[in-house]
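Student: I am new to this structure and should be grateful for a close look at one part of it, the salt bridges, together with the surroundings of their partners. Please begin with a single side chain and work outwards from there.

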Amino acid sequence: MTDLTNLGVKAIRDGVASGDFTAREVAEAFNANVAAAAELNAFIVTTPDHALAAADAADAKRAKGEDLGAMGGVPIGMKDLFATNGVQTTAASHILEGFTPHYESTVSQNLWDAGAGMLGKLNLDQFAMGSSNETSYFGNVASPWRKEGTNAPMSPGGSSGGSSSAVSARLAPAATGTDTGGSIRQPAAFTGICGIKPTYGRCSRWGVVAFASSLDQAGPMARSVEDCAIMLGAMAGFDPKDATSLKADVPDWEAGLSADLSGKKVGIPREYRMEGTDQAILDSWEQGKEWLRDAGAEIVDISLPHTKYALPAYYIIAPAEASSNLARYDGVRYGLRDLPDGAGLQDMYAETRAAGFGDEVKRRILIGTYVLSAGFYDAYYNQAQKVRALVARDFDQAWAECDLILAPTTPTASFPLESLNEDPLTMYLNDVFAVPASLAGLPAMSVPATLNPDGLPLGLQLVGKAFDEQSVLNAGLAIQQRAGFHHAPEKWW
């Protein structure tokens, strides 16, 4: 029998449905891989019983001839930002350590309803704040990839680093991620997998621990475009519990997949050719253009003139929203409470937050509180919101000239863990290509393209019009078919 852990979502779902193997066999195989990969630190909590119970339910349905669902028999990893009923949900923080929700996030419930099972809760940057998965209270996540000639542990990207590491290392066929400013796309690029951030509002934010509410969006991470299309279809949908949820039908993205891009125009933004971008990244971008031409697309040059202002605007807006969202963690209602003898209410707030939040979270709360404070609100926050509107307008004007945009996902390949800890600004620059689409709320996807001279994966990013995930997925499929990226990390863990 084929090693079941090398199979993706579609192959597992179809194999279980046809009786080639049982869902329990699949769950047992992935549970074993998860248990053997502690060195990656991809999981905060493992839930093998949940995966087995869902597998047994899928097998029972098949025995009765019932429909298994879009994700029937597929065990997945769940980023520990999604509330899971009866299973600890921490956002990789000390302040929420031990918090066990009595409710289920809408996205995770949609996946369980579609037949998926949960292998465990995946590690991440604390409260989704980070680009390297080094801010988790539960320790760094290591990429399964290593740079040629060195054993230095590499970053899996962030914040969805546990998700990217688990999928790339064959610990899970797919995983949920969240993307605020690139946190699905950047880790996908770093680990040689696919990841899509859908249009803002496609997936409910209800039950997802909030970072920046006007930016946060859930999406799937898997090893193929097809698998992302299947999983996104299961995750998405209108949710009356989320005021920002789109009241729109969920297309059958899997059925609509086509690598024929005839008649499509793909824009190449001249502003994305930035100083400091690795030559291997620029070379892969050129190759990406040729792949899309070969698929029938016309390549056109476009301008997104406010690109250079997007990252600074993001690092005002996102921390401002985080400052507001994280004010709820005060030691009163749930989570950590640090109450020294004789302390008053203000002392409890201060001690709880000092002990419960990590350095990066504190940094962003301080930035956010500052830009929202009297005297600085107009100078920073309002100006950033105006820039955001200009960035969105750039995209709207670009759509008059093209249907899609092709760009690098990241300016560099993965870097060694701890190499950028003393330089947060360089760390923030990892999101320079990803942030504009987030500010505009547009669907964007990273697809693996090639390996750089150090043997590390590089990704290409596709950005589409609002609600047009299908075109993004189709262009991703065209790249996937032509890139032939079948590289896998050599097992060292």
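What is the relative accessible area of R482, and is this residue buried, partly exposed or exposed?

Tutor: It should be said at the outset that the model is predicted. In this model R482 has a relative accessible area of 28% and is partly exposed. The threshold matters here: a residue is called buried under 20% and exposed over 50%, with partly exposed in between, so the 28% of R482 falls in the middle class.

The partner of R482 is D294, and their closest N and O atoms are 2.8 Å apart in a salt bridge. R482 belongs to helix α15 and D294 to helix α8, so this salt bridge ties together parts of the chain that are 188 residues apart in sequence. D294 has a relative accessible area of 56% and is exposed. Elsewhere, K10, R13, D14 and E254 are joined into one network by salt bridges that share partners.

As a general point, side chains of opposite charge can pair when their charged atoms come close. In this model the count of salt bridges comes to 19.

A second pair that involves helix α15 is formed by E469 and R202, whose side chains meet in a salt bridge with an N to O distance of 3.2 Å. E469 lies in α15, which spans residues 469-483, while R202 lies in the loop between β5 and β6, so the pair ties together parts that are 267 residues apart in sequence. The setting of this pair can be read from its two partners. E469 has a relative accessibility of 0% and counts as buried. R202 is buried as well, with a relative accessible area of 5%.

Helix α8 has a further salt bridge, in which R273 is paired with E286 and the closest N and O atoms are 2.9 Å apart. Here R273 sits in the loop between β7 and α8, whereas E286 is in helix α8, and the two are 13 residues apart. R273 counts as partly exposed at 45% relative accessibility, and E286 is partly exposed too, at 34%.

Another residue of helix α8, which spans residues 279-294, is K289. K289 has a relative accessible area of 11% and is buried. Leaving aside residues up to four places away in sequence, K289 touches I268, R273, I299 and L406. One of these contacts, R273, is the residue that forms the salt bridge with E286.

The loop that holds R202 runs between β5 and β6, and β6 deserves a look of its own. Six of the six residues of β6 are buried. Q217, G219 and M221 point one way from the strand, and A218, P220 and A222 point the other way. The strand β6 pairs with β4 in the antiparallel sense over six bridges, and T178 stands opposite A218 of β6. With β5 the pairing of β6 is again antiparallel, over two bridges, and C194 stands opposite A222.

From β6 one may turn to helix α5, since β6 is among the elements that cover the buried residues of α5. The other elements in that cover include β1, β2, β3, β4 and α6. Eight of the eight residues of α5, which spans residues 161-168, are buried. Among them are G161, S164, A166 and V167. Just after α5, R170 takes a positive phi of about 65 degrees.

Finally, a contact between two helices may be set beside these charged pairs. Helices α4 (residues 106-113) and α7 (residues 225-235) pack at an angle of about 115 degrees, and their axes are 8 Å apart. That angle makes α4 roughly perpendicular to α7. On the α4 side V107, N110 and L111 take part, and they meet M231, A234 and M235 of α7. By class, this contact has five nonpolar residues, one polar residue and no charged residues. Helix α7 is mostly covered, with nine of its eleven residues buried. These buried residues include D227, C228 and L232, and also M231, A234 and M235, which are the α7 residues that meet α4. Just after α7, G237 takes a positive phi of about 140 degrees.

Key. Residues numbered from 1 in each chain as written. Predicted model: local features only at pLDDT ≥ 70, side-chain atom pairs only at ≥ 80, totals over all residues. Heavy atoms only, no water. Axes fitted to C-alpha atoms, helices over the stretch in contact; angles between N-to-C directions. Helix = DSSP H or I, 4+ residues; strand = E, 2+ residues; numbered from the N terminus. Parallel < 35°, antiparallel > 145°, perpendicular 65-115°, else oblique. Contact = heavy atoms within 4.5 Å. Nonpolar A, V, L, I, M, F, W, Y, C, P; charged D, E, K, R; others polar. Buried < 20%, exposed > 50% of the residue type's maximum accessible area, 1.4 Å probe, protein only. Salt bridge = Lys/Arg side-chain N within 4 Å of Asp/Glu carboxyl O. Pairing = 2+ DSSP bridges.
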